[in-house]
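Welcome, and please open your viewer. This tour suggests what to select at each stop and tells you what is there.

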Amino acid sequence: MPLPKAELHLHIEGTLEPELAFELAGRNGVPLPYAGTDALREAYRFTDLQSFLNLYYELMAVLRTEQDFADLADAYLARAAAQGVRHAEIFFDPQAHLARGVGMDTVVEGLWRALGRSEEKHGVSTRLIMCFLRDETAESAMRTLRAAQPYLGRITGVGLDSAETGHPPAKFREVYEAATALGLRRVAHAGEEGPPEYITEALDVLGVERVDHGLRCTEDPELVERLVRDRVPLTLCPLSNVRLRTVDALADHPLPAMLDAGLMCTVNSDDPAYFGGYAGDNFDAVRDTLGLSEERLRDLARNSFHAAFLDDDEERRARCLAEVEAYTFG
Ligand SMILES: Nc1ncnc2[nH]cnc12
Ligand SMILES: [Zn+2]
């Protein structure tokens, strides 16, 4: 039995496995410029974030109907559950779908078909976090927030993703203010490829409650001190960092040093279909390659539930934390 954990950094579009991509392409009559799943997997050789995003957005073309989004989410939840995920906070990128003529209703209601049954079917509780594409305009983000207003019963928070460099968080100040006024929780990708200043800005200007990645905080000792003091959760994604060449090799990943520094780290999969593994695979990789002790792994699991947006279900948080304490490593 795997260690129970919450996954807090997961793009649902990044769970599109080649097999499902071809199945949906066939179902929807969408041509794919790859001979088959092996040829598609061959394309998963990324040099940086942008090289990945190009393929990530291209493959989304196969997602057209509510059932497509439901199938995508259900496949992820089954895999996540098998790797010990008990709670998942799932990002989606509405602008990437709206731009292709797929409506907010199709995306949210489709995802909800799977998420609404997840606790019963997979034993995984869920939250939905709507991300704004930071390489689009602030006006587009604001229009997207307005388009999502009828669905706020299904959406817990907002996030910020896509190409980071040259797109500082402050660009989205007004959108985050509006999201806050609507009662939404706030996270943002920062310090994945971008500088530590983007992390500070996400905290100060956007008021984020967690930082997605936050890897480059290690370059700024004062920022590290602040993140430790304020117990700001960081949603790290070790296998993603290797595939996108944010770190040279997993053995060089700063996770052990970040834990030593007292940072509230969590381990997540980001885009598991593209980066070689789901949440449990990321845990296994950091255990095997970075030599994290069982107590360190348990800390990561504890952190994940403490950092989860479970304030409206403290009973579930407590139950999951009790499972972490009771877990015996095999
Ligand atoms: N790792 C990542 N960074 C930024 N945007 C993303 N969108 C999907 N995965 C992402
Ligand atoms: Zn991400």
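Before the first stop, one definition: an axis here is a line fitted to C-alpha atoms, for a helix over the stretch in contact, and angles run from 0 to 180 degrees between N-to-C directions. Keep in mind, too, that this is a predicted model.

**Stop 1: helices H4 and H6**

Select helix H4 (residues 66-82) together with helix H6 (residues 104-115); their axes come within 7 Å and cross at roughly 40°. Angles from 35 up to 65 degrees count as oblique, and H4 and H6 are therefore oblique to each other. Look along the pair and you will find that H4 passes H6 in a right-handed crossing. Now show side chains: H4 brings Glu-66, Gln-67, Asp-68, Phe-69, Ala-70, Ala-73, Asp-74 and Leu-77 to the contact, while H6 brings Thr-106, Val-107, Glu-109, Gly-110, Leu-111, Arg-113, Ala-114 and Leu-115. Colour them by class and you get eight nonpolar, three polar and five charged residues.

**Stop 2: the sheet**

Next, select the strands. In what order do the eight strands of the open sheet lie? They follow S1-S2-S3-S4-S5-S6-S7-S8, with parallel pairing. At the edges you will see strand S1 (5-11) and strand S8 (264-267), each of which pairs on one side only. Neighbouring strands of this sheet are turned against each other by 25° on average, direction ignored.

Zoom in on strand S4 (residues 157-161) and strand S5 (residues 185-190), which run parallel and are joined by two bridges. Pick Val-158 here and look across to S5, where Arg-186 stands opposite.

**Stop 3: helix H9 and its partner H8**

Keep the sheet visible and add helix H9 (residues 173-181), which packs on the sheet and touches strand S3 (125-133), S4 and S5. The direction of H9 makes about 150° with that of S5.

Now add helix H8 (residues 138-148): the axes of H8 and H9 come within 9 Å and cross at roughly 15°. That angle makes H8 roughly parallel to H9, and their crossing is right-handed. To see the contact, select Ala-138, Ala-141, Met-142 and Leu-145 of H8 with Glu-174, Val-175, Ala-178 and Ala-179 of H9. By class, this contact of H8 with H9 has seven nonpolar residues, no polar ones and one charged.

**Stop 4: helices H16 and H17**

Move along to helix H16 (residues 294-306) and helix H17 (residues 314-326), whose axes come within 10 Å and cross at roughly 180°. That makes H16 roughly antiparallel to H17. From H16, the contact uses Arg-298, Ala-301, Arg-302 and Phe-305; from H17, Arg-317, Cys-320, Leu-321 and Val-324. Five of these contact residues are nonpolar, none polar and three charged.

**Stop 5: ligand 1**

Finish by centring on ligand 1. Which residues are around ligand 1? Select His-11, Gly-14, Leu-49, Tyr-56, Asp-161, Ser-162, His-189, Glu-192, Ser-240, Asp-270 and Asp-271 to show them. The shell around ligand 1 has two nonpolar, five polar and four charged residues.

How values were computed: Residues numbered from 1 in each chain as written. Chains lettered and ligands numbered in written order. Predicted model: local features only at pLDDT ≥ 70, side-chain atom pairs only at ≥ 80, totals over all residues. Pairing = 2+ DSSP bridges. Helix = DSSP H or I, 4+ residues; strand = E, 2+ residues; numbered from the N terminus. Contact = placed C-beta atoms within 7 Å. Near = placed C-beta within 6 Å. Nonpolar A, V, L, I, M, F, W, Y, C, P; charged D, E, K, R; others polar. Parallel < 35°, antiparallel > 145°, perpendicular 65-115°, else oblique. Left-handed = near helix turned anticlockwise from the far one by under 90°.
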